[in-house]
Amino acid sequence: MHPSEVLFEGEATPVQLPVCDHYAGSEKLMVKSLALQQALGPVFDVTFDCEDGAAVGAEEAHARLAASLINSDGNLFNRVGVRIHDPRHPAWEQDIAILVGLAGARLAYITVPKVTDVVEVARVTDAVNQMARTAGIARHIPIHVLIETHAALAQASVIASLVQVECLSFGLMDFVSAHHGAIPASAMGSPGQFEHPLVRRAMLEISAACHAHGKVPSHNVSTAIAAPEDAGADARRARNEFGYLRKWSIHPTQIEPIVAAFRPGVEEIAEASTILLAAQDARWGPIQHAGKLHDRASYRYYWSVLQRAHATGAAVPASARTRFFE
């Protein structure tokens, strides 16, 4: 049996997403992002930004542009999502009508910003589903939620529990500004964001909420676009210290450092492959490896390592690749 069939019996299989979420707002950047995704493969998602990317008064035209590019041949892997306007903006329903109505069949996800509670998330989700039914789309389009307000953070766990929600992203900049100067500006960057107690608490609560419900916690932007290696360092720290499995990119040069930060090492991949192959041969019963006992608890960990390796384009031993990914 495949790991996904046997290791999560009685519980939902955790959501797996590319480790990098790259934002593009203008037509030029959208097209460039699609070309880069074609070159690098589906190791990162592209999110077309209809919130900050649309000029005031041009919301409809921008949504139609995004829909046309999602439907284009440039969208090779169907891993393009959109960020719509927030639920209090007059254009949010128009965004859904255009994007789902015209491109819902190929839309990877919809990101909802600035929510205040689970009711808002449910209302947006219902609107997405109603539009999908009208457009004859049978599947449920995944919902990603930006946690950037006090109220949303307080309900992070219940938001993550919604079936259609697959990712919570931390909105660092808005979260810090919501404290009206009580958190210093240094916490909007590194190392401050990882050290200030209020920001650390928010990051941990979002991550814990996601993992409790099998969803993906996504780390916020790194604004130092002149130093793309800083985005990689932030991704590594978010992954190792806070359990984040995905990170935003706001510049093409940040993509590869972010993907590399989440990529397991060669030795870790080799160990995971050896253990899982032996486990499968033993019909997922306990085994010994290098003098240590392994069972389904450790198998789940090593399966996550192999999935992350595959998602980041790392080389997986041929035997494990054949059995688990082909």
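Start at Ser169: leaving out residues up to four places away in sequence, it touches Val145, Leu146, Ile147, Ser218 and Trp248. Keep in mind that this is a predicted model. Ser169 sits in strand E6, which runs over residues 165-170. With a relative accessibility of just 3%, Ser169 falls under the 20% cut-off, so it counts as buried.

From there, step over to the nonpolar residues. The largest nonpolar core takes in 69 residues. Phe48, Val100, Ile110, Val145, Leu168 and Phe170 are the ones with the most contacts inside that core. Val145 has already come up, as one of the residues Ser169 touches. Pick Phe48 and look around: setting aside neighbours within four places in sequence, Phe48 is in contact with Ala24, Met30, Leu34, Ala66, Leu69, Ile70, Val80, Gly81, Val82 and Arg83. There's another core lying apart from the largest one, made of 21 residues, and Leu7, Trp284, Tyr299 and Val316 are among them. In soluble globular proteins, nonpolar side chains do tend to be buried together.

Now for the cysteines. How many disulfides does the structure hold? Zero. Take Cys20: the closest cysteine sulfur belongs to Cys167 and is 12 Å away, so that's too far for a bond. Cys167 has a closest cysteine sulfur of its own, in Cys210, at 6.5 Å. A disulfide needs the two sulfurs within 2.5 Å, so 6.5 Å is too far as well. Both Cys20 and Cys167 are buried, each with a relative accessible area of 0%.

Note on methods
Residues are numbered from 1 along each chain as its sequence is written. This is a predicted model: local features need pLDDT of at least 70, side-chain atom pairs count only at pLDDT 80 or more; totals for chains, interfaces and linings use all residues. Side-chain values use heavy atoms; hydrogens and water are left out. A nonpolar core is a set of buried Ala, Val, Leu, Ile, Met, Phe, Trp, Tyr and Cys residues joined through side-chain atoms within 4.5 Å. Buried means under 20% relative accessible area, exposed over 50%, partly exposed in between (1.4 Å probe, protein chains only). Contact means heavy atoms within 4.5 Å. Helices (H or I, at least four residues) and strands (E, at least two) are DSSP runs, numbered from the N terminus.
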